[in-house]
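Here are my notes after going through the model you sent over. I've kept them as numbered points so you can follow along in the viewer.

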Amino acid sequence: MTTSNINWIKLAPWLYTAGLFIVWELVVRAFAIPQFILPAPTRILEAIIQFWPAIWKNSLQTLYTTTVGFILAVVFGLGLGIAIGWSRFIYAGLYPLMIGFNAIPKVAVVPILVIWFGIGTIPAVLTAFLIAFFPIVVNVATGLATIEPEMEDVLRALGAKKMDIMLKVGIPRSMPYFFGSLKIAITLAFVGSVIAETVAANSGLGHMMLAAQSQFNVPLVWAGLIMLAVEGIAMYAVMAWLEMRMTGWAHRSQLAQA
Amino acid sequence: MTQPLVTINDVDMRYGGADGLLAVEGLTLDIAKGEFAAVVGPSGCGKSTLMKLVTGLYIPQAGQVTVAGERVTKPVSIVGMAFQNPTMLPWRTTLDNILLPLEVVDRHRKRLRKHKVEYVAKAEKLLETVGLKGFGEKFPWQLSGGMQQRANLCRALIHEPDLLMLDEPFGALDSFTREELWCVIRDLHAAQGVTIVLVTHDLREAVFLADRIFVMSARPGRITKERTVPFARPRELELLYQADFNDVVHELRGNIADARKAA
Ligand SMILES: Nc1ncnc2c1ncn2[C@@H]1O[C@H](COP(=O)(O)OP(=O)(O)OP(=O)(O)O)[C@@H](O)[C@H]1O
Ligand SMILES: [Mg+2]
């Protein structure tokens, strides 16, 4: 416990991020890269400050569509995952359909959503939902499908109904899978809503970047990108924290086994 | 002669439909109330299948299984089970794991909330019996393998089953812990008058604990030999080093070798 008591591991993400921006800045200056190819971080920061009201408004819009789409994905994903894990019949019937559905690039669905709902918030929400719910379903169903047979035997021998086994064992057991999948799902939801905003919206970061591009305002395009990254990291961090809070036992018991 | 607690009469059990794998064939045995029976036999001969037939997890295609005078057609909740793998739920404390059967068995689940204190006291007493006093608040992953297996026994006993089915419960433990748990089981059997069926690979374990040992043939499993163990109770670990004990173990080893060859 001497003077140099700095936790380098904790600091590392910040140091590396700062390093990236410094190298970026130096490269742009050293090679005199024109702004419309790659603006320097300082130039992007200027743009962020200059256009802050618009950036803030559009960031909130993207956050809103992502969150609503994500919540829908959680509700449906959890429900469908439990249904699939519950019944082999539902599993056998739905699984191929879901694989097929998941194989469709979601950007191809956006035009259809626009035909149905017009340009605006709804296609973005639905795209976020469609892209995010698959990993939730798969993870919840996996958690349910991997109940130890001995555990099931012990309970069934005591007269447990399928419902008891699900409530006492299956669902708690699939929670680490579920919360783990939320990190992936929120990132995907974000991708989905930005894709839809880029193609078919009149607000949101995706739309803002497209508009900036058509006006050759390259620093603003990059400002949008940076904001997307910041939002993405923030949402991921919230989900990671939630996972730790809700299913700490899974991590600790793995630690104990290791 | 009182009526036996468990009767298995000419039972055939086939896995996976009409032309599936025949696991046991013409299986016949009975177990008296209060008896300690052990089942030994070559690997894959249908010992676990026998357990599952008695507990009503599987229903045989032919023959009858009767427990406590009733034909088994669905799971029988007067049975407690423990397997080699303790399968404690990691998100519950050891105490809550032990109370789990009470949340399932019909006659207890309705009383559980009101009489929680009484049940917790009972669980704690069981923990004390198996040498885990004060570990109830720990999570299973904070316990060693042997401690988890002790907790597993408590879970099998909490609803006061008349019949305790143990499927190689000590298989994964070191020999000291195993001998210690033999004594725990021996004392439980002596104190509570519960009927116990123990499946094991360890012949010394079978001879030390059981009143009667059933030897099964290789698949499809049948009882080829029934051996009464003559040693008086209470038995001490000393018995393991006596000549007549080893004679019985040798004799059984011979029987199993024959059973394997016969296949
Ligand atoms: N669920 C199942 N489906 C199909 N076959 C099974 C199933 N369970 C067991 N069997 C087969 O039935 C036979 C008897 O199995 P069982 O588990 O009863 O053997 P065992 O005597 O307990 O073996 P071990 O001593 O290795 O535990 C084996 O050949 C096994 O392959
Ligand atoms: Mg077995």
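1. In which sense do strand β1 (residues 6-15) of chain B and strand β4 (residues 62-67) of chain B pair, and over how many bridges? The two run antiparallel, with five bridges between them. If you want a spot to look at, B:Ile8 has B:Val65 in β4(B) as its bridge partner. Keep in mind throughout that this is a predicted model.

2. On to the other neighbour of this strand. β1(B) also pairs with β2(B), again in the antiparallel sense, and here the count is seven bridges. B:Val11 is a handy marker, since its bridge partner in β2(B) is B:Leu27.

3. Following β4(B) onward, you get to strand β5 (residues 70-71) of chain B, joined to β4(B) by two bridges and running antiparallel. B:Val67 has B:Glu70 in β5(B) as its bridge partner. The pair makes a hairpin with two residues in between, and one thing I'd point out in the turn is B:Ala68, which has a positive phi of about 50°.

4. Put together, these strands make an open sheet of four, ordered β2-β1-β4-β5 in chain B, and the pairing is antiparallel. β2 (21-31) and β5 of chain B are the edge strands, each pairing on one side only.

5. Now the other sheet. Chain B has an open sheet of six strands in the order β6-β7-β8-β3-β9-β10, and this one has mixed pairing. Its edges are β6 and β10 (223-228) of chain B, each with pairing on one side only. On average, neighbouring strands in this sheet are turned by 15° against each other, ignoring direction.

6. At the β10 end, strand β9 (residues 212-216) of chain B pairs with β10(B) in the antiparallel sense, over five bridges. There you'll find B:Ile213 opposite B:Arg227 of β10(B).

7. What does helix α1 (residues 47-54) of chain B lie across? On the six-stranded sheet, the helix lies across β3 (36-40), β7 (163-167), β8 (195-199) and β9 of chain B, at about 155° to β7(B). On the four-stranded sheet, α1(B) lies across β1, β2 and β4 of chain B, at about 115° to β1(B). I'd show both sheets together with this helix in a figure.

8. Next, the interface. Contact involves 24 residues of chain B and 20 residues of chain A. About 2,100 Å² is buried between the two chains, with carbon and sulfur atoms giving 72% of that. In chain B, the residues that lose the most area to chain A are B:Trp91, B:Val104 and B:Trp141, which together account for 32% of what that side buries.

9. Which polar features cross between the chains? There are three salt bridges between chain B and chain A. One of these brings together the side chains of A:Asp153 and B:Lys52, at 3.5 Å from N to O. Polar contacts across the interface come to three residue pairs, with both residues at pLDDT 80 or more.

10. Last, what chain B brings to its partner. Strand β6 (residues 79-83) of chain B gives the most to the side that touches chain A, with three residues. By class, that side of chain B has 14 nonpolar residues, along with five polar and five charged ones. Note that β6 of chain B is also one of the edge strands of the six-stranded sheet.

Definitions and conventions:
Residues numbered from 1 in each chain as written. Chains lettered and ligands numbered in written order. Predicted model: local features only at pLDDT ≥ 70, side-chain atom pairs only at ≥ 80, totals over all residues. Heavy atoms only, no water. Contact = heavy atoms within 4.5 Å. Buried area = accessible area lost by both parts, 1.4 Å probe. Salt bridge = Lys/Arg side-chain N within 4 Å of Asp/Glu carboxyl O. Polar contact = N/O pair within 3.5 Å; in protein donor to acceptor, adjacent residues only side chain to side chain. Nonpolar A, V, L, I, M, F, W, Y, C, P; charged D, E, K, R; others polar. Pairing = 2+ DSSP bridges. Axes fitted to C-alpha atoms, helices over the stretch in contact; angles between N-to-C directions.
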